[in-house]
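Colleague: Could you take a close look at one part of this model for me, the place where the two assigned domains meet? I would like a connected account of that interface rather than a list.

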Amino acid sequence: MKLRFAPSPTGFLHVGGARTAIFNLLHARRYGGTMLLRIEDTDVERSRQHHAEQIITSLKWLGVAWDEGPVYQSDRLDRYRERAEELVAAGKAYRCYCTVEELDAERSAAERAGKQWRYSGRCRKIDGDAGEPHVIRFAVQPGPIEFHDLIRGDVHFEGELIDDFVLLRSDRNPTYHLSVVVDDIDMAITHVARGDDHLSNTPKHVLLFRAFGAAVPSFAHLPLILGGDKKRLSKRTGATSAEEYREMGIVPDALFNFLTLLGWSPGENRELFTAGEATQWFDLADVNKAPAVFDPEKLIWMNGQYLMRMTAEQIYPHLVPFLGDAPRTLDELRTIIELHKMRVRTLRELAKQMAIYFIGDDAIEYDADTVKKHIKGDDLAGRLSALHETLLSTDPFDVVTSEAALRSLAETQGVSAAKLIHPLRLALTGRGASPPIFDVAVVLGKERTLRRLQRLIERLPLIEG
RNA sequence: GGCGCAUUCGUCUAGGGGUCCAGGACGCCGCCCUCUCACGGCGGUAACACGGGUUCAAAUCCCGUAUGCGCUACCA
């Protein structure tokens, strides 16, 4: 068994393509087959090498580890020409000398007349000069064309409705239809899993496989991934590339898991699982027929689930790009990551929350709503000064000791501990929400904790009421 | 227009003739936990597109309608 993922390098790796790659990988792994990566760059107008490299980078990031390739179709142009000529020699294809201009004119004339247009096949008859500019077209024979699709079941088309499609362009470059079939034959592909948008092209491919006397592979046409507008996911409706989600702070395993669940389910209400587990359960035949809407909200939730389950060591390498210029070592960040990982949903958020530990003590900005809510009460300045004193003499300065010290102080002050805790949180973080405040204080250390507390006390007259 | 494919809560899905007045998850709303936030727990909201069949019985099978999407290039 052999599968392939065959993107065309005309942009970033689309999440739909990413899912196709994942499904190919999973199916291959499930059945002990191999997976090939093939870059379909026969469209010289739109293909770019840097896009191919970008796609490869994204696949690696995602964890799609193919076995063979990448094979570039642009390295195999002679092979496609050779195969096209074989079909001409066998009378299964022919040279067509019609120009694009002529055909376009015919097409638009037919359109104006309200009629549907198809190529007349007029060049089938003529025996032209192979030296003259021409394309090679496949001579489609009438009759039913049927094939089995792992996902859709049996599908049929009528040969009469299919144009004599172009195999080789006038610049001697192959079209997709030719290159894909030649390669799938040469590379012994047994299962073709690709986007639903190719379903209508499949009869052409079946015809080609037969014309070449080759076995027709199994097909699996995956339903499209839709945007929130129920249209094919596009830039207008949100992020479409794997790269954008990476930049957003999504961890690759989370995206992998999420994409796996778009159009497939392992059953038994399982949602969070590893690629390895999916490998044991996946089968192309179980993929849904209906298109699925990509819901970024759920992806972000899932990413949060991954982050909270990952260790600081696992998160760190993914986090580094979000940290900005100041390099931080894992040792510096370990505790902080542990403290914050369960309260964020993306790496970007995590980096943002972590900033409070690295800015200057005088750079804390007090959140207005939190000030309004917690900076009040009789003699707050006096009580906070007492807290400052208490913390100053707290030794050791650890979570348990400092919390006990604060709580007993609150008791002697006759107020709830919350009356000290909230202002302390504001002093240390500037915010109304944070990890348990004594953990934050310990990470900051006694010195910085006291400095930040002192600063709030000094500013009390300015910000209060 | 032609051809093809599809249709279960707002979204992802389970379910494939009786066990379904339809299960899980995201989101949303309550409550609990609690120094806040988050996590977690509990509860709630919400769906078988429509119409005909077949059958003792249909979300599940068949037909039609509607709607949506895809293809209809010398793009893939």
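Modeller: What follows describes the meeting of the two domains, with a short look at the aromatic rings afterwards. The model is a predicted one, and in chain A the domain assignment places domain 1 at 314–357 and domain 2 at 361–464. Between the C-alpha centres of domain 1 and domain 2 the distance is 24 Å, and contact across the boundary involves 9 residues of domain 1 and 11 residues of domain 2. Together, domain 1 and domain 2 bury an area of about 820 Å² between them, with carbon and sulfur atoms giving 68% of that area. On the side of domain 1, the share is concentrated in L339, I356 and Y357, which supply 69% of the area that domain 1 buries against domain 2, more than any other three residues. As for polar terms, the interface of domain 1 and domain 2 has 0 salt bridges by the rule applied, while 2 residue pairs are in polar contact across it, both at pLDDT 80 or more.

Turning to the rings, the charged end of R328 sits over the ring of F358, at 3.8 Å from its centre, and R137 likewise lies over the face of Y119, 3.9 Å from the ring centre. The model has 9 aromatic pairs by the rule used. In one of them, W264 and F273, the ring centres are 6.1 Å apart and the planes stand at 90°, so this pair counts as edge-to-face. Both W264 and F273 are buried, and they belong to one aromatic cluster with F23, W281 and F282.

Technical notes:
Residues are numbered from 1 along each chain as its sequence is written. Chains are lettered from A and ligands numbered from 1 in the order in which they are written. This is a predicted model: local features need pLDDT of at least 70, side-chain atom pairs count only at pLDDT 80 or more; totals for chains, interfaces and linings use all residues. Side-chain values use heavy atoms; hydrogens and water are left out. Rings of Phe, Tyr and Trp (its six-membered ring) pair if their centres lie within 6.5 Å; planes under 30 degrees apart count as stacked, over 60 as edge-to-face and the rest as tilted. Buried means under 20% relative accessible area, exposed over 50%, partly exposed in between (1.4 Å probe, protein chains only). A charge sits over a ring if NZ of Lys or CZ of Arg is within 6 Å of the ring centre and within 35 degrees of the ring normal. Domain bounds come from an automatic or database domain assignment. Contact means heavy atoms within 4.5 Å. Buried area is the accessible area (1.4 Å probe) that two parts lose on being put together, summed over both. A salt bridge is a side-chain nitrogen of Lys or Arg within 4 Å of a carboxyl oxygen of Asp or Glu. A polar contact is a pair of N or O atoms within 3.5 Å; within protein, one must be able to donate a hydrogen and the other to accept it, and residues adjacent in sequence count only if both atoms are side-chain atoms.
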